[in-house]
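Morning, everyone. I'd like to walk you through one sheet and its strands. Please have the viewer open.

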Amino acid sequence: LWQQVPLEPPDNIFELTAAYKVDPFAKKVNLGVGAYRDDDNKPWVLPVVRKATARLLNDDTLDHEYLPILGLPEYTTAAAKLILGSESPAISEGRAVSVQTISGTGANHLGALFLSRFYGFNGPAKVYLSNPTWVNHHAIFRNVGIEPVDYAYYDPKTIGLDFTGFLDALRKAPDRSVFLLHACAHNPTGVDPTPKQWDAIGDVILEKKLFAFFDCAYQGFASGDMDLDAWAVRRFVDRGVPLLVCQSFAKNAGLYGERVGALHVVLSDKKTADWARSQLSVLQRSEIGNPPSHGARLVSLILNDPELFTEWKRDIETMAGRIIDMRKELYQLLTEVYKTPGKWDHILNQIGMFSFTGLNGEQCRAMVEWAHIYMAGNGRISMAGLNSHSVEYVAESLDKVVRG
Ligand code: PMP
């Protein structure tokens with residue numbers, strides 16, 4: 001009956017984590033992990049989340065009834081304001097549709113599914129993905145029959161943005177093509193366009209009537225400031241770019257396992273938004289029925305209570321600040337202490353949780369096999385995996401591996 005099922009090789013990052021766990025080497029380091037760790041390499045429950053959880057536990061008015069199909073209204077409304085801005089014309093004009101989703105992955109899926117059913121593709125359904133991108137993007141779009149196509153993004157020569165290649169891809173794509181854009185803290189490269197570059201990207205998008213499929217999994221992680229990290233999305237809404245945004249509270253609230261996310265689709269007018277909402281509701285029902293309540297209640301409390309909201313922003317600054325400090329320390333060790341050959345400015349300049357080191361496949365393998373420093377084969381390291389106890393050993397090992 002099942003002879004047709006082929007064996008799928010295990011996911012690289014999960015395999016890496018498994019190998020790290022059983023490695024007895026005392027100084028081993030895991031730089032593959034895509035989750036925040038504190039300075040003692042422990043998962044961090046945000047203090048504001050602990051406080052909000054205690055409030056929920058003491059609230060005996062809560063029950064376990066179904067949430068509405070589109071989610072907890074006070075959660076989706078507050079989540080929309082967080083990403084689109086509290087003064088967003090799209091919200092006040094009733095042309096933003098917000099749906100609670102199974103974290104960012106679910107938002108990407110529902111957004112892709114919605115496009116696959118209703119978007120006016122110019123020819124066969126395709127989505128343009130940055131090269132490289134979060135690996136799951138390919139599978140998510142393929143699952144709904146939308147073929148992924150790469151667009152130039154990362155330039156290995158500069159370890160930065162291939163801005164010319166990116167603009168070229170936008171110009172050459174057929175009108176109305178869909179481009180997936182990382183709103184901030186690009187995964188896996190840590191390379192974001194500058195505001196001026198975003199504006200030039202927006203010009204071509206408007207000129208060619210392209211659709212911007214924003215994925216925002218790291219709001220607050222790039223700069224430590226929620227508003228700054230939403231700048232590109234808000235700018236595009238202001239300029240009238242047709243778009244949607246996938247939002248996740250996995251990283252910025254440390255709620256990885258609670259699966260709290262949202263999909264926001266911005267339309268041209270209220271009537272179209274009402275129609276879109278009705279169809280999203282049908283899709284959501286057949287996919288997950290009603291979304292889960294616990295994580296949405298937690299985030300709703302934090303977003304809607306000014307005191308908790310201020311505290312949350314402080315917690316995000318703590319996480320973003322620690323990552324920025326690690327970037328500075330690693331950079332300083334490589335350039336001043338070890339005087340490692342090559343340029344390392346990208347360690348400072350790249351944004352968010354991840355950094356592309358520029359190490360080649362062989363060097364990455366040496367880091368894992370020789371130094372017990374677990375990192376992806378494409379040279380990506382998670383800055384959150386570094387801490388004051390491990391950064392020296394990582395810098396020393398990087399230096400040795402680069403010198404060969
Ligand atoms: N988009 C990007 C770019 C990501 O890096 C991630 C997390 N790795 C996600 C979406 C989805 O994460 P989650 O489903 O945990 O919110």
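**The sheet around β10**

Start with one pair: Val127 has Val178 as its bridge partner in β7. That bridge belongs to strand β3, residues 126–131, which pairs with strand β7, residues 178–182, in the parallel sense over two bridges. Pairing here requires at least two DSSP bridges between two strands. Strands are DSSP runs of E, at least two residues long, numbered from the N terminus.

Two notes on the model. It is predicted, so to speak with care: local features need pLDDT of at least 70, side-chain atom pairs count only at pLDDT 80 or more, and totals for chains, interfaces and linings use all residues. Numbering runs from 1 along each chain as its sequence is written.

Now the whole sheet. It is open, has seven strands and mixed pairing, and the order is β2-β10-β9-β8-β7-β3-β4. β2 and β4 (147–152) stand at the edges with a single partner strand each, so one side of each has no neighbour in the sheet. On average, neighbouring strands are turned by 25° against each other, direction ignored. The axes are lines fitted to C-alpha atoms, with angles from 0 to 180 degrees between N-to-C directions.

Next, β10, residues 260–266. Seven bridges join it to β2, residues 96–102, antiparallel. Ala96 has Val266 as its partner there. Six bridges join β10 to β9, residues 243–248, also antiparallel. Cys246 is matched with Leu263.

Is β10 buried or exposed? Seven of its seven residues are buried, meaning 20 or more other C-beta atoms within 10 Å of their own, with C-beta atoms placed from the backbone. Both faces are covered: Val260, Ala262, His264 and Val266 on one side, Gly261, Leu263 and Val265 on the other.

Key. A residue is buried if 20 or more other C-beta atoms lie within 10 Å of its own, exposed if 12 or fewer, and partly exposed in between; C-beta atoms are placed from the backbone. Helices (H or I, at least four residues) and strands (E, at least two) are DSSP runs, numbered from the N terminus.
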